[in-house]
Amino acid sequence: MDAIQTHHLSPTTHQQPIILFQSPFSRSINVGFVKNKTFIPGRLHFGVPRMLATHEAAVQSLQISDAQAILKKYKPEEISTLVLMREAVACNLPVALSRAGIKSHFGDAFIGSMHIKDKGKITTDYRYENTEGLVKDGLWIVSDSICMGRSFIPTFTSLLSKGFHPKEMLFICPIAS
């Protein structure tokens with residue numbers, strides 16, 4: 001049996017360690033944090049502390065110079081946020097966008113989906129779509145906790161079929177799987 005592989009990256013700007021763990025039984029990389037010398041997987045970090053950490057990661061993602069260069073190309077009325085509502089709602093993108101220097105934007109869209117875990121392959125049940133705040137052809141700032149794209153693929157299939165065609169997308173995964 002293979003052991004869990006680990007890899008240490010440079011620490012965060014707040015000097016928090018970044019350590020990647022990968023199980024031989026999964027293709028996923030586990031995201032989390034170390035507390036009192038114990039690794040706490042991100043999926044076990046619940047409640048307000050998780051939401052605050054996710055939001056702060058969204059702010060930091062939007063403050064990266066490459067992201068700022070994209071954001072500054074658009075007028076406020078050309079920018080929308082798109083939240084794929086699983087864990088990503090904790091990003092609080094409208095506030096994160098404001099904290100990153102974009103004080104107003106066209107609006108916010110929310111997509112709800114649920115993973116169906118039955119015998120065999122995991123599928124997605126696309127349940128909710130609110131696109132009133134989505135610009136048809138501007139910049140979309142998208143947050144998701146992407147793992148395999150099970151929510152992402154049906155979302156964009158639906159939106160593109162309804163005539164939405166963004167000029168550009170800024171995709172962030174502050175709480176990736």
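Helices and strands are here DSSP runs, a helix (H or I) having at least four residues and a strand (E) at least two, numbered from the N terminus. The exercises below concern a predicted model.

**Exercise 1. Determine how many helices and strands the protein chain has, and in which order the elements run.**

Solution. Step 1: under the definition above, the protein chain has 4 helices and 10 strands. Step 2: read from the N terminus, the order of the elements is β-β-β-β-β-α-α-β-α-β-β-β-α-β. Step 3: of the contacts in the protein chain with a separation of 6 or more, 66% are between residues 24 or more positions apart.

**Exercise 2. State what share of the residues is buried and what area the protein chain exposes.**

Solution. Step 1: a residue is taken as buried when its relative accessible area is under 20%. Step 2: buried residues constitute 33% of the 177 residues in the protein chain. Step 3: the exposed area is about 10,700 Å², of which carbon and sulfur atoms supply 58%.

**Exercise 3. Describe the largest nonpolar core and identify the elements that each supply at least two of its residues.**

Solution. Step 1: the largest nonpolar core comprises 19 residues, and L62, L71, L139, I141 and L170 have the most contacts inside it. Step 2: at least two residues of this core come from each of α1 (47-63), α2 (65-71), β6 (79-85), α3 (93-99), β9 (139-143) and β10 (168-172). Step 3: another core, of 11 residues, lies apart from it and includes L82, A109, I111 and F156. Step 4: the surroundings of L139 can be listed once neighbours within four places in sequence are left aside; L139 is then in contact with I70, L71, Y74, E78, I79, S80, E168, M169 and L170. As background, nonpolar side chains in soluble globular proteins tend to be buried together.

**Exercise 4. Establish which residues of helix α4 are buried and what they pack against.**

Solution. Step 1: in α4 (residues 152-161), the buried residues are T155, F156, S158 and L159. Step 2: these residues lie on the same side of α4, because they cover an arc of only 160° around the axis. Step 3: the buried residues of α4 pack against β6, β7 (107-116), β8 (123-130), β9 and β10. Step 4: on the face turned away from the buried side, α4 carries the exposed residues I153 and S161. Step 5: after α4 comes G163, with a positive phi near 90°.

**Exercise 5. Locate the salt bridges and assess the accessibility of their residues.**

Solution. Step 1: the criterion is a side-chain nitrogen of Lys or Arg within 4 Å of a carboxyl oxygen of Asp or Glu; by this rule there are 3 salt bridges.

Step 2: R99 and E56 form a salt bridge through their side chains, at 3.0 Å from N to O. This pair links helix α3, which holds R99, with helix α1, which holds E56, across 43 residues. R99 is partly exposed, at 40% relative accessibility, and E56 is likewise partly exposed, at 28%.

Step 3: a salt bridge joins the side chains of K73 and E168 (3.0 Å, N to O). K73 is in the loop between α2 and β6 and E168 is in strand β10, so the pair ties together parts 95 residues apart in sequence. K73 is exposed, its relative accessible area being 54%.

Step 4: in the salt bridge of E129 with K162, the closest N and O atoms are 2.6 Å apart. Strand β8 contains E129, whereas K162 is in the loop between α4 and β10, 33 residues apart. Both are partly exposed: E129 at 26% relative accessibility, K162 at 43%.

Methods:
Residues are numbered from 1 along each chain as its sequence is written. This is a predicted model: local features need pLDDT of at least 70, side-chain atom pairs count only at pLDDT 80 or more; totals for chains, interfaces and linings use all residues. Side-chain values use heavy atoms; hydrogens and water are left out. A nonpolar core is a set of buried Ala, Val, Leu, Ile, Met, Phe, Trp, Tyr and Cys residues joined through side-chain atoms within 4.5 Å. Buried means under 20% relative accessible area, exposed over 50%, partly exposed in between (1.4 Å probe, protein chains only). Contact means heavy atoms within 4.5 Å. The arc is that of the directions from the helix axis to the C-beta atoms. Accessible areas come from the Shrake-Rupley method with a 1.4 Å probe; for residues, only the protein chains shown count as cover.
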